[in-house]
Structures are given as C-alpha cells and as structure tokens.
Amino acid sequence: SHFSYDDPIVYPGKPEAAHLHMNFGNTNTNAYSTYDTIVNSGGSTCNGHELNRTAYWTPAMLNANGIPQVPDKIVVYYKTQDNGVGKVQPYPENMQIVSDGSINRSWPSKSDASNDIGSFKCINSYGGDKAKLSETVPGCNPATDITPNIGAKQYLEQNIKFNQCWNGLDASNYKANLTRPVNSWYSNVCPASHPIILPELEFRIFYIVPVGQTSEGWFLSSDVDRATGNINQARGYSAHADWFGGWNKDVNKMWVDRCTNIGGTDCYDGFLGGSTRDAQF
C-alpha cells in the first residue's frame with residue numbers, strides 16, 4: 001500500500017525512526033497506529049478488504065542502484081499441520097508480532113535454509129519451486145534461471161516465518177510472550193511454557209526480476225548501517241517482518257474454524273472454508 005520509515009510496534013509514536021518499510025494490508029499504517037486504529041480505520045490491499053485490516057510490513061528491497069522495488073504480490077499463509085489440527089486459536093486482540101532474525105534465526109541442529117526465519121530463492125511463474133533456498137539475496141537472472149517458456153516471469157521470492165506459540169499473556173509483547181514451535185517451523189507443537197497454538201504465519205513476497213537485469217547486488221533497507229550508510233553484512237541477512245493484527249474478529253474465527261482446524265482442508269487464497277467459491281470473501 002505504501003512505503004514509510006515508521007514502525008508502530010518497534011518505534012510506537014516515533015515517526016521516521018525506522019529504516020524504509022514496505023507496507024501491505026492496512027492503508028493507514030503509521031507510527032501512531034494502535035490496535036483501535038488498525039481494526040477500525042484505513043482501507044486494505046488484501047483480499048477481503050476491510051474484513052482484514054491487518055498491517056503487514058517488511059524492510060524495503062532495493063536494487064543495486066538503491067531504488068526500492070515494488071513487489072508483484074505478497075501471499076500470506078495462515079496454516080496448520082497435522083499436529084495442530086483442531087488446536088489453533090484465533091488471534092487475540094492487540095496481537096503484534098515481529099519475526100526477527102537477530103532473535104531467532106534457525107534451530108542449532110538444522111542446516112537447511114528452510115528452517116531460517118528468513119530465506120530467498122529464484123523461481124519462475126511456471127512453478128520454479130525446485131530452486132535452492134538461500135539465507136541471503138541470490139543473483140536471479142532471467143536469461144539463465146528460468147525455463148524458456150513464453151510469458152514466464154522471473155521472481156526473487158522472499159520467505160518470512162513467524163513465531164506461533166503464545167503463553168496467553170500480553171499479546172503486544174512478542175519478545176516476552178511468543179516463541180517458536182518445537183523442532184521445526186512446521187511441527188505445530190508448542191512447548192509447555194507457551195501452550196496456545198496460533199496460526200502458522202508465513203509471508204511469501206514476489207519481486208519481478210526484469211528481463212535483461214539480475215537481482216545481483218539487491219539488498220534490504222535493514223542491511224544498511226544507518227550510522228555509516230554502509231552495508232556491513234551479507235545482503236538479505238537482516239530479513240525480518242512485522243504483523244499487527246486487524247482481522248475482523250468474526251471472520252478470523254471463521255477461517256480458523258473452517259480452514260486451519262480441519263484436517264485435509266485447503267482454503268487457497270481468499271477462501272474461508274470448504275474450498276468452494278460460495279465461501280470466498
């Protein structure tokens with residue numbers, strides 16, 4: 001919906017205190033946003049429009065020349081796995097989550113980038129999901145990476161995962177009261193200290209890499225040292241994202257009941273249950 005230097009979770013009430021963010025969903029998200037303003041004001045760029053005023057934001061992606069890239073789309077998954085079926089709870093009021101790689105990058109026993117909180121890959125619009133995941137921004141090249149299909153798009157995809165286990169305390173304090181599931185992001189098994197299972201939240205952000213160009217040298221705004229203006233780490237390694245809940249409460253309960261809590265259900269994009277167009281919002 002817009003770019004801004006605001007972050008109402010990390011820097012509430014402090015305009016332009018953050019690095020450059022891309023904002024999705026709620027069109028009024030700013031430094032002064034609260035649960036009340038998120039739920040009750042602004043339009044939404046999401047399927048469902050004002051039924052989902054949730055604010056989603058991530059560090060802006062910039063090309064090698066420092067120009068912000070506008071994604072083709074963002075897909076937000078609210079999922080469960082077998083171990084979580086029938087156990088997932090709707091988001092409580094004022095739930096705020098930051099997926100922060102500096103706090104929680106991966107399990108020590110895992111070496112696969114799929115277990116990182118943030119990862120990237122080069123794919124194409126004809127199903128290039130066989131691409132290797134990377135912790136850093138890869139150099140996607142339409143001339144060499146995509147299967148030569150007429151009309152295929154070359155994407156740089158960014159993936160962000162969020163903690164889903166809650167202890168039932170202050171929903172706005174993600175550092176103290178949220179943690180990751182046991183063993184892997186996809187286990188849907190929560191530790192005894194945080195027994196409440198929330199939807200398995202995951203962002204997939206798709207940036208088109210134009211023909212004749214590559215994503216070599218692209219970087220996140222959060223990769224930049226704000227004191228010096230230099231990039232002192234691997235590009236993309238600072239990947240993270242924010243989620244400030246603004247779902248209509250009845251709709252939130254509806255898709256939890258009809259999608260995430262029923263085994264074998266796939267509600268696709270914008271469906272509330274039953275995988276039928278009658279249930280689409």
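How many helices and strands does the protein have? In this predicted model, the protein has four helices and 14 strands. Of its 281 residues, 51% are buried. Among contacts with a separation of 6 or more, 64% are accounted for by residues 24 or more positions apart. The area exposed by the protein is about 13,100 Å², of which 48% is supplied by carbon and sulfur atoms.

Aromatic side chains were examined next. Eight aromatic pairs are present in the structure. One of them is formed by Tyr78 and Tyr91 in an edge-to-face arrangement, with 6.1 Å from centre to centre and 70° between the planes. This pair joins distant parts of the chain, since Tyr78 belongs to strand β5 (residues 73-79) and Tyr91 to the loop between β5 and β6 (96-100), the two being 13 residues apart. Both Tyr78 and Tyr91 are buried. Tyr78 also pairs with Trp255, here in a tilted geometry with a centre-to-centre distance of 4.8 Å and an angle of 45° between the planes. The pair of Tyr78 and Trp255 likewise links distant parts of the chain, from strand β5 to helix α4 (residues 249-260), across 177 residues. Tyr78 counts as buried because its relative accessibility is 15%, under the 20% limit. Trp255, at 4% relative accessibility, counts as buried as well. Through ring pairs, Tyr78, Tyr91, Trp243, Trp247 and Trp255 are joined into a cluster.

Strand β5 spans residues 73-79, and charged side chains are placed over rings at Lys73 and Lys79. Lys73 lies over the face of Phe206, 5.2 Å from the ring centre. The charged end of Lys79 is positioned over the ring of Tyr77, at 5.0 Å from its centre.

Strand β5 also features in the largest pocket, to whose lining it gives the most, with seven residues. The volume of this pocket is about 1,000 Å³. Its lining comprises 42 residues, of which Val75, Val76, Tyr77, Tyr268 and Asp269 lie nearest the centre. Tyr77 is thus both one of these residues and the ring beneath the charged end of Lys79. At least two lining residues are supplied by each of β1 (2-4), β2 (21-25), β5 and α4.

Enclosed space was considered separately. A search of the whole structure gives one cavity of 30 Å³ or more. The volume of the largest cavity is about 40 Å³. Its lining is made up of Lys161, Phe162, Gln164, Trp185, Tyr186, Glu200, Leu201 and Glu202. The most is given by strand β12 (residues 200-208), which contributes three residues to this lining.

Pro138 was examined as a loop position. This residue lies between β7 (118-124) and α2 (142-145). Its relative accessible area is 19%, and Pro138 is therefore buried. When residues up to four places away in sequence are not counted, Pro138 touches Phe120, Lys121, Cys122, Leu156 and Ser215. Pro138 and Ser119 are separated by 19 residues in sequence and by 10.0 Å in space, C-alpha to C-alpha.

Methods
Residues numbered from 1 in each chain as written. Predicted model: local features only at pLDDT ≥ 70, side-chain atom pairs only at ≥ 80, totals over all residues. Heavy atoms only, no water. Phe/Tyr/Trp six-rings, centres within 6.5 Å; stacked < 30°, edge-to-face > 60°. Buried < 20%, exposed > 50% of the residue type's maximum accessible area, 1.4 Å probe, protein only. Lys NZ or Arg CZ within 6 Å of the ring centre and 35° of its normal. Contact = heavy atoms within 4.5 Å. Areas by Shrake-Rupley, 256 points an atom, 1.4 Å probe, with all protein chains shown as cover. 1 Å grid on protein atoms, 1.4 Å probe; cavity = no way out; pocket = protein on both sides within 12 Å on 5 of 7 lines; lining within 4 Å. Points joined across faces, edges and corners; volume = space filled by probe spheres on them.
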